[in-house]
Amino acid sequence: MITCSAPGKVYLFGEHAVVYGESAICCAVELRTKVHVEKSDDIIIESTLGTTGIDHAIHPYVSYAIEKMQPLADIKGIRIVIESELPVGSGLGSSAAVTVATIKALDLLFECKLSLEDIAEMAHEVERMVQGNASPTDTYVSTMGGVVMIPQRKRLPLIECPIVIGNTNRFSSTKELVGNVAKLRNEFPDIIEPILSDIGQMSLLAEELVHEKDYGTIGRLMNVNQGLLDAIGVGSAELSDLVYAARNNGAISSKITGAGGGGCMIALAEDDTASSIAKAIEDAGGEAIITRNTKEGVRLETLNGQ
Ligand code: MEV
């Protein structure tokens with residue numbers, strides 16, 4: 001049996017704007033999806049959603065990933081077991097992580113010798129098959145790890161402070177939210193395009209600040225980014241409650257991460273404020289996770305159980 005894992009991600013800046021070619025800064029976080037694979041008589045996929053064969057309704061990402069690998073590998077029967085620390089549909093890149101980890105595990109099991117670039121690209125194609133208009137951000141960051149500026153694919157230094165994630169536990173559909181922003185942009189191009197462009201400008205400004213470890217200024221800009229996400233309609237009362245609970249309890253900054261609507265927000269914290277921010281998020285009705293960014297993307301965890 002081979003086990004591979006891939007990380008989830010958070011956006012410091014740039015979700016939604018990145019769909020229109022603007023810059024974003026994203027970081028992989030130490031919350032992972034593990035995929036175990038072994039050869040078997042039939043194709044079997046097991047997760048908390050159930051046990052299926054190829055099933056595009058219940059296990060769309062894993063099913064399309066297997067089909068994507070079939071021209072390269074003689075996959076007659078395999079058993080795939082998915083275990084995830086990432087909540088599904090919450091903006092933390094759970095679908096990218098499961099797709100990337102599945103492709104890597106199949107690559108190793110069938111000795112296809114794919115490069116990381118190949119894996120990121122194939123995983124992006126799988127996401128597009130399932131979601132339609134998905135940017136390559138989630139799959140790229142989950143494959144490569146680290147802090148990455150998109151679309152330039154520039155690697156930036158790691159952020160040296162704890163990141164507190166607040167989950168509203170409300171499912172959010174990336175496809176629907178990206179569609180809503182597209183509608184708003186079509187209706188009011190002169191208003192919405194400058195907002196998306198401002199978000200992109202913030203990512204460009206923040207690049208140097210990440211190098212300088214100027215988390216105070218990064219935080220002020222992240223708070224502006226939050227205001228602009230609200231302006232394009234991807235906020236919600238629950239997300240705002242968590243964003244302000246974090247800010248009122250010592251967060252350097254707080255904003256939505258990912259598609260919005262429901263899903264998660266993040267707060268940058270100091271080592272000694274992370275737990276009080278997490279408590280404030282929980283008191284405001286969210287589920288809090290304290291994490292950090294990670295330089296490691298997809299990786300082999302164990303080979304033959306070792
Ligand atoms: C979703 O995690 C991020 C969005 O920018 C969509 C995408 O980049 O595909 C909203």
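In this predicted model, the shell of residues around the ligand is drawn from two parts of the protein, with at least three residues coming from domain 1 (2–156) and at least three from domain 2 (163–291). Two elements of secondary structure can be picked out as contributors, since strand S1 (2–13) and helix H5 (174–187) each provide at least two residues of this shell. Sorted by class, the shell holds six nonpolar residues, four polar residues and three charged residues. Of the 13 residues around the ligand, those that come nearest are Lys-9, Tyr-11, His-16, Val-18 and Ser-135.

Where does the ligand sit? The ligand is found in the largest pocket.

Three of the nearest residues, namely Tyr-11, His-16 and Ser-135, can be looked at more closely through their polar atoms. The table lists, for each of them, the distance to an oxygen atom of the ligand.

| Residue | Part of the residue | Distance to a ligand oxygen atom |
|---|---|---|
| Tyr-11 | polar side-chain atom | 3.4 Å |
| His-16 | polar backbone atom | 2.9 Å |
| Ser-135 | N or O atom in the side chain | 2.6 Å |

The ligand, taken alone, would expose 300 Å², and the protein buries 96% of that area.

His-16 deserves a second look, as this residue, which approaches a ligand oxygen atom through its backbone, also has a positive phi of about 70 degrees although it is not a glycine. In the chain, His-16 belongs to the loop that runs between S1 and strand S2 (24–39), and S1 is itself one of the elements that supply residues to the shell around the ligand.

A further point about the backbone concerns Pro-151. Which kind of peptide bond joins Ile-150 and Pro-151? The bond between these two residues is cis, with an omega of about 5 degrees. Pro-151 is placed in the loop between strand S6 (147–150) and strand S7 (154–156).

Conventions:
Residues numbered from 1 in each chain as written. Predicted model: local features only at pLDDT ≥ 70, side-chain atom pairs only at ≥ 80, totals over all residues. Heavy atoms only, no water. Near = heavy atom within 4 Å. Polar contact = N/O pair within 3.5 Å; in protein donor to acceptor, adjacent residues only side chain to side chain. Areas by Shrake-Rupley, 256 points an atom, 1.4 Å probe, with all protein chains shown as cover. 1 Å grid on protein atoms, 1.4 Å probe; cavity = no way out; pocket = protein on both sides within 12 Å on 5 of 7 lines; lining within 4 Å. Sits in = over half its atoms within 2 Å of the grid points. Helix = DSSP H or I, 4+ residues; strand = E, 2+ residues; numbered from the N terminus. Nonpolar A, V, L, I, M, F, W, Y, C, P; charged D, E, K, R; others polar. Domains from an automatic or database assignment.
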